[in-house]
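Readers who meet a protein structure for the first time often ask where to begin. The report below takes up one sheet, the nonpolar cores, the charged pairs and the aromatic pairs in turn.

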Amino acid sequence: MSEEKLLNLEETPEEETATSSLAAERNEVPPGFWRRSKEPKWYVIHTYSGHENKVKVNIEKLVENRGMQDLILQIIVPTEDRVEFRGDKRVVKTQKIFPGYVIVKMIVTNESWYLVRNTQGVTGFVGQGSEPIPLSDEEVRRMGIEKTVIVMDVEEGDTVRIISGPFKGFSGVVEEVNPDRQVLKTRIDMFGRSTPIEVEFDQVDKI
């Protein structure tokens with residue numbers, strides 16, 4: 001992507017509008033973007049390596065300057081903490097889970113697409129051609145982007161049926177419930193043996 005296509009955060013509002021219009025003319029517009037979706041979805045954007053946090057800040061500033069908080073709701077750079085031991089010292093390092101990518105929760109319209117696509121450091125959306133493809137609910141859950149807290153009315157000794165995952169179809173007696181981690185421990189009969197397993201709340205139904 002050439003420098004003239006990038007949005008400069010220090011431009012005046014008039015210059016930003018002109019830059020965006022120029023970028024709009026030079027980028028292919030995915031068909032049907034003028035139709036607003038009913039609810040926002042999570043999309044993945046490519047960035048230059050090492051520019052993930054800068055892209056996040058740039059988009060947030062542009063969204064605030066243009067009053068587009070109703071279209072672009074959240075920008076995150078997924079990270080995780082890893083523990084390393086250096087001699088007798090315990091060091092916690094925060095690392096990016098997906099280097100070169102930023103996750104954006106947004107309603108895709110011409111205006112929001114142009115803003116994100118032409119932000120400095122962004123190289124494109126993940127999708128088919130120029131059309132961004134939203135993450136599925138399962139992908140969002142698996143990546144830990146959004147976590148839904150489930151309240152289950154189960155206690156030790158209750159029987160549950162597993163409705164998804166590798167143990168789908170099995171039933172077992174609950175041995176331990178962990179609301180903080182959203183998991184429970186149960187025992188199932190597999191290959192003629194009582195086997196302890198751990199399953200997530202959304203993988204079971206109470207019998």
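## A strand pairing and its sheet

In this predicted model, Arg161 stands opposite Asp205, a residue of strand β13. The two strands concerned, β9 (residues 159–162) and β13, run antiparallel and are joined by 3 bridges. They belong to an open sheet of 5 strands, whose order is β12-β11-β10-β9-β13 and whose pairing is antiparallel. Because β12 (193–200) and β13 (204–206) stand at the edges of this sheet and have a single partner strand each, one side of each is left without a neighbour there. On average, and with direction ignored, neighbouring strands of the sheet are turned by 40° against each other. Strands of a sheet pair in general through backbone hydrogen bonds, in either a parallel or an antiparallel manner.

## Nonpolar cores

In soluble globular proteins, nonpolar side chains tend to be buried together. The largest nonpolar core of this model has 22 residues, and those with the most contacts inside it are Ile45, Ile59, Ile72, Met106, Leu115 and Val116. Two or more residues come to this core from each of the elements β1 (41–47), α2 (52–66), β2 (72–76), β5 (101–106), α3 (110–117) and β6 (122–125). Which residues does Val116 touch, if those up to four places away in sequence are not counted? The residues are Ile45, Ile59, Ile72, Met106, Val122 and Phe125. Another core, of 11 residues, lies apart from the largest one, and among its members are Met152, Val160, Leu184 and Ile188.

## Charged pairs

Side chains of opposite charge can pair when their charged atoms come close. The count for this model comes to 7 salt bridges, including the three in the table.

| Salt bridge | N to O distance |
|---|---|
| Glu60 and Lys56 | 2.7 Å |
| Lys206 and Asp158 | 3.7 Å |
| Glu198 and Arg181 | 2.9 Å |

Glu60 and Lys56 both lie in helix α2, where they are 4 residues apart, or about one turn of the helix. Glu60 is partly exposed, with a relative accessible area of 32%, and Lys56 likewise counts as partly exposed, at 24% relative accessibility.

The salt bridge of Lys206 and Asp158 ties together parts that are 48 residues apart in sequence, because Lys206 lies in strand β13 and Asp158 in the loop between α4 (137–143) and β9. Lys206 has a relative accessible area of 42% and is partly exposed.

The pair of Glu198 and Arg181 also links distant parts of the chain, with Glu198 in strand β12 and Arg181 in the loop between β10 (171–178) and β11 (183–190), 17 residues apart. Glu198 counts as partly exposed, at 38% relative accessibility.

## Aromatic pairs

A pair of aromatic rings is described by the distance of the centres and the angle of the planes. How many aromatic pairs does a search of the whole structure find? The search finds 2 aromatic pairs. The rings of Trp113 and Tyr114 have centres 5.4 Å apart and planes at 65°, and the pair is therefore edge-to-face; both of these residues, Trp113 and Tyr114, are buried. For Phe167 and Phe170, the ring centres lie 6.4 Å apart and the planes stand at 70°, so this pair is edge-to-face as well. Phe167 is partly exposed, with a relative accessible area of 22%, and Phe170 is partly exposed too, with a relative accessible area of 26%.

Technical notes:
Residues are numbered from 1 along each chain as its sequence is written. This is a predicted model: local features need pLDDT of at least 70, side-chain atom pairs count only at pLDDT 80 or more; totals for chains, interfaces and linings use all residues. Side-chain values use heavy atoms; hydrogens and water are left out. Two strands pair if DSSP finds at least two bridges between them. Axes are lines fitted to C-alpha atoms, for helices over the stretch in contact, and angles run from 0 to 180 degrees between N-to-C directions. A nonpolar core is a set of buried Ala, Val, Leu, Ile, Met, Phe, Trp, Tyr and Cys residues joined through side-chain atoms within 4.5 Å. Buried means under 20% relative accessible area, exposed over 50%, partly exposed in between (1.4 Å probe, protein chains only). Contact means heavy atoms within 4.5 Å. A salt bridge is a side-chain nitrogen of Lys or Arg within 4 Å of a carboxyl oxygen of Asp or Glu. Rings of Phe, Tyr and Trp (its six-membered ring) pair if their centres lie within 6.5 Å; planes under 30 degrees apart count as stacked, over 60 as edge-to-face and the rest as tilted.
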